[in-house]
Every structure is written in structure tokens, then in C-alpha cells.
Amino acid sequence: HTEEGQAMLAVFKGEHVHLREKQFSVREGYYEAHIVPLYNREGVITGGISMIHDITRRRESERLLHDKNQEIGAALEELSAAEEQLRYANSLLEEKIEERTRDLANSEEQLRLITDALPVLISYIDREKKYRFVNKAYVDLFKQPKEEIIGKDVAAVVGRKAYQNTVKYLDRVLFGEQIHFETRQHYGTYGTRHISATMIPHIVDQQIVGIFALGYDISERKHIEKTLKKMYDEARKRNKELIRINTDLDNFVYMASHDLKSPIANLEGLLTMMSAQLDMSAAGKQQMVLNMMDTSISKLKKIIADLIDITKVQKEIEQATPDVFCFQQIVEDITEDLQRLIEESGAEIIEEYTVPEIHYPASHLRSILYNLLSNALKYRSPDRKPVIYIATYKKQSKTVLLVRDNGLGMTDAQQKKLFTMFKRMHTHVEGTGIGLYTIKRIIENNGGNILVRSQVDKGTEFNVIFKPIKTKVLL
């Protein structure tokens, strides 16, 4: 019933039998057998011829080939999977590249829009001194299309003369130096321009590959500066002339005031003689006229004295030496001088000094405080007790003196004329109207300012803003 037995029976029946890849027990291995029946003359099968081939090596080779084929198949599957992953990765990379390209295009467009919007000459020049980038300002200046400028030598764009003035700066930058310079360039048919330029080397892998250049057309600024300088020189000239005229006027006022003293003294003497010679019985109307004349002469003497004081103020301003003074101490000295007025009016003075001291000429500070305090007492309201508030505080780097009262106050129209010479707001109090004019001149000549706010029957507030005076350091 074995396969070999069946093969033998088949041979004796006259069949040819071929057994392939059989493993025999003769020795370990694979063999191929071919059995052919033998016939006698009568045609009877008398036996068989068997041919056996050892196919072990072939079988092993086929097995090895089969294994290799399987390995190659597995490798091909892995390669196919890897190719699929690579195709997917390439697809993603292509999408990223397209997205990045769009972003770069958008960024380049945004950069172009920004650089074109700036009123600055922006350019990039390579080592061969050829333009690789220019913005709209460059195009507008040289009136050439951008496409014609890109790739051209600097000399071909700006002109030979301007290039000769610029090439030394280009060479310095190509040696690694960052520079800034101003120059007046003549660009041929494009005219002459004042340019302020900054050049920065472009360094890649420690190699200078080009130049970033920023230029500002400052021609208009230079024209304005020239105009302003001319105006300044003219103003200085006029100021010197005004100072001379002012000095002449001060000298004239001073001399005229002194010259008027003698005639006024003579008038006083004559008036005294007339008064002495008048008969006592005729002292009615004539005495009243003499009294009026005496009053007028006294006022005239006071005006002349004030005019002399005004001329002295300017000289004192020019010669005054500032020092450190305490506000409270000066106010105490002034209140002693005004003690009679303070007692008569029952005035209350409130002091609050956030800034206790100031560096200022003593006589000027005393004049300012004396005028403001005496006016607050003189122009008090008869309907209430006078209250005067004095304070100091800082406004930025400046010291401010505040003097506020609850007196008669002023209208807006009166405030506009307050600091005018010989202008008086209230006639019921004696005065010449020279005090506020004088202190305003003192304050302004020292670089400060005085402001006033007032309401009728509410009171008045003065703010004196002192300019900081730097102390000289002696070495």
C-alpha cells in the first residue's frame, strides 16, 4: 500500500512510473526515481529498469531560493510600506513648501509695502557694488523703473561724480565697518541733494556679502536750518539793537528823572514861599488851590522816583548774584514792615511751604513778595476779614510761589491791563501803578513767568513760576 509498492504494481501492468522528490532511507537526502517495465519476446513483462537521481542539493537550493524569495518578498513589502510613507511625507513636505512659499511671498510683499511706504532710501548692494534691492523712494529719487536699477552698478545709477564721493564709504563697509555720514551729492539731472546715510555690512558665515544702505533726503531740513539760522542771526542783530535802544531809553529816563528833580524842587520852594506870603484872612479858596498843587507835586515826585527805580531794576537784574534764601524768613521780614496795615485790617496770613528755599537774588525775591503782600492788604474787601494764603510747590522742575487773597478781585478786562505801567485797577488806594509792572519785569528777566486769576468780590491769586538757576561750581 506504499507509494513505492503501488508504483511497482503499475510497472508490472505495463505503465511507466516516475517518482519525484522522495526521501529514501538509504541515506538522508532527496531522490528522483524513474522505473520502466522490461518485456520478453512474447511481450510479457519480466522486470523493470529503475533510474534513481540524487536531487538533495537541488532540493536544498530550491529551499534556500524559496526562503530568499520569502525574505525578498518581506523586504519588498517593507520597501513598499516605506515608499508609501515617503510618498506621504513628500506630499506633506510639498504642502509645507507651498505654504512656506506663499508665506514668503506674502512676507516679501508686506516688506515691499512697508519699505515702499517709508520716506527713506532703502537699498541692498552686493560685493560687486551692484543693486539687488531698492524701494520706492529710490525709484522716485532717480526716476528709473525698479527693474532697470536692479543689477546695475551704483555708478551707473547715481552718476560718476556722486559715486566718487560715495565709493570710499562703500569700501569701508565692505571691510566690515558700520558707518553714518552726511553729504551733499549732485546727482546729475536729478539735482543736488543733502543725504544722511547709514551703511551696515551684511555678514554670512563670517564673510561680508553685501551692504544694507539707509538714506534720508534731508535737503528740506537743511533748507529750513539755513533759513532758521538766517532768521536767528537777524533776530540776534535786532535783539542787540533793541538792547541798545532799551539801554538808551533807560539812560534817558534816568537822566530826565534826575533833570526834573531840580525844577520840581524849585516849584516846591516857590509854593512854600507863596503859602507863607498869603494873608491868613485870604486862606480860603487860594489855600485849597495851593494844597492841590502840593499834592500834584508830591505825586509827580513819586512818579519820578518810580521811574528811577525802574531803570535801577534792569541794572540790578544784570548785576544781581543769586543765593539760597528761605521763603518764611523773607515773609517774616516783610510782615514786620507791613505790621501797621496788618493790625489795621486784622488780616490773617497762612503759610505753607512745600519748597522751603530757593536759589534767587535776594532783592528781587523781596520785591516780588513785598508787592504781592502789600497789594493783598491794600485791596482788601471792606465786607470781610482779609485772609492771605502763601504757599510754594514744585511743578515739574520749577518752583512756584502762590499768593492768594479774598479781596476786591478784578474783572477780565482789568486783568489784561494789570501789568501795564502806571495802570491802577482801584483808585481809592494811593499808588502809581508801577509795582506789578516792576515785579513782572524782574520775574521775566530772570527767565520766569507770573500768572493771575481773579474774580470780582472773590479775590485774586498770583502764581510766580521761577526758572531753575544752576549754581556755579568753583574748581
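This is a short walk through two sheets, a hairpin and a cavity in a predicted model.

**The antiparallel sheet and its cavity**

Let's start with the open sheet of five strands that has the order β5-β4-β8-β7-β6, where the pairing is antiparallel. At its edges sit β5 (131-134) and β6, each of which pairs on one side only. Neighbouring strands here are turned against each other by 25° on average, ignoring direction. Zoom in on β4 and β8 and you'll find an antiparallel pair joined by six bridges; within it, D126 stands opposite G210 in β8. Helix α6 lies across β4, β6, β7 and β8, and runs at about 165° to β6.

Now for the empty space. How many cavities of 30 Å³ or more are there? The count comes to one, and the volume of this largest cavity is about 230 Å³. Its lining takes in 21 residues, with Y138, T166, Y187, I195 and M199 lying nearest the centre. Several elements of the sheet turn up again here: β4 (121-126), β6 (179-186), β7 (192-204) and β8 (207-217) are among those that each supply at least two residues of the lining. Helices join in too, including α3 (136-142), α5 (154-158) and α6 (160-174), again with at least two residues each. And what is the lining like by class? There are 16 nonpolar and five polar residues, and no charged ones.

**The mixed sheet**

Further along the chain there's another open sheet, with five strands in the order β10-β12-β13-β15-β14 and mixed pairing. β10 (348-353) and β14 (449-455) are the edge strands, each pairing on one side only. From one strand to the next, the twist averages 15°. β14 pairs with β15 (residues 459-466) in the antiparallel sense, over seven bridges, and S454 has T460 in β15 as its bridge partner.

Two helices are worth a look here. Helix α9 (residues 327-337) packs on the sheet and touches β10, β12 (387-395), β13 (398-404) and β15. The direction of α9 makes about 165° with that of β10. Helix α13 (residues 435-445), for its part, lies across β14 and β15 and runs at about 140° to β14.

There's an aromatic link in this region as well. The model has seven aromatic pairs, one of which is F327 with Y353: their ring centres are 6.2 Å apart and their planes at 10°, so this pair counts as stacked. Because F327 belongs to helix α9 and Y353 to strand β10, the pair ties together parts that are 26 residues apart in sequence.

**A hairpin, and the strand pairs side by side**

Back towards the start of the numbering, β2 and β3 form a hairpin with five residues between them. G43, in the turn, has a positive phi of about 85°. Strand β2 (residues 31-39) and strand β3 (residues 45-54) run antiparallel, and I35 stands opposite S50 in β3.

Here are the bridge counts for the pairs mentioned above.

| Strand pair | Sense | Bridges |
|---|---|---|
| β2 and β3 | antiparallel | nine bridges |
| β4 and β8 | antiparallel | six bridges |
| β14 and β15 | antiparallel | seven bridges |

Technical notes. Residues numbered from 1 in each chain as written. Predicted model: local features only at pLDDT ≥ 70, side-chain atom pairs only at ≥ 80, totals over all residues. Heavy atoms only, no water. 1 Å grid on protein atoms, 1.4 Å probe; cavity = no way out; pocket = protein on both sides within 12 Å on 5 of 7 lines; lining within 4 Å. Points joined across faces, edges and corners; volume = space filled by probe spheres on them. Helix = DSSP H or I, 4+ residues; strand = E, 2+ residues; numbered from the N terminus. Nonpolar A, V, L, I, M, F, W, Y, C, P; charged D, E, K, R; others polar. Pairing = 2+ DSSP bridges. Axes fitted to C-alpha atoms, helices over the stretch in contact; angles between N-to-C directions. Contact = heavy atoms within 4.5 Å. Phe/Tyr/Trp six-rings, centres within 6.5 Å; stacked < 30°, edge-to-face > 60°.
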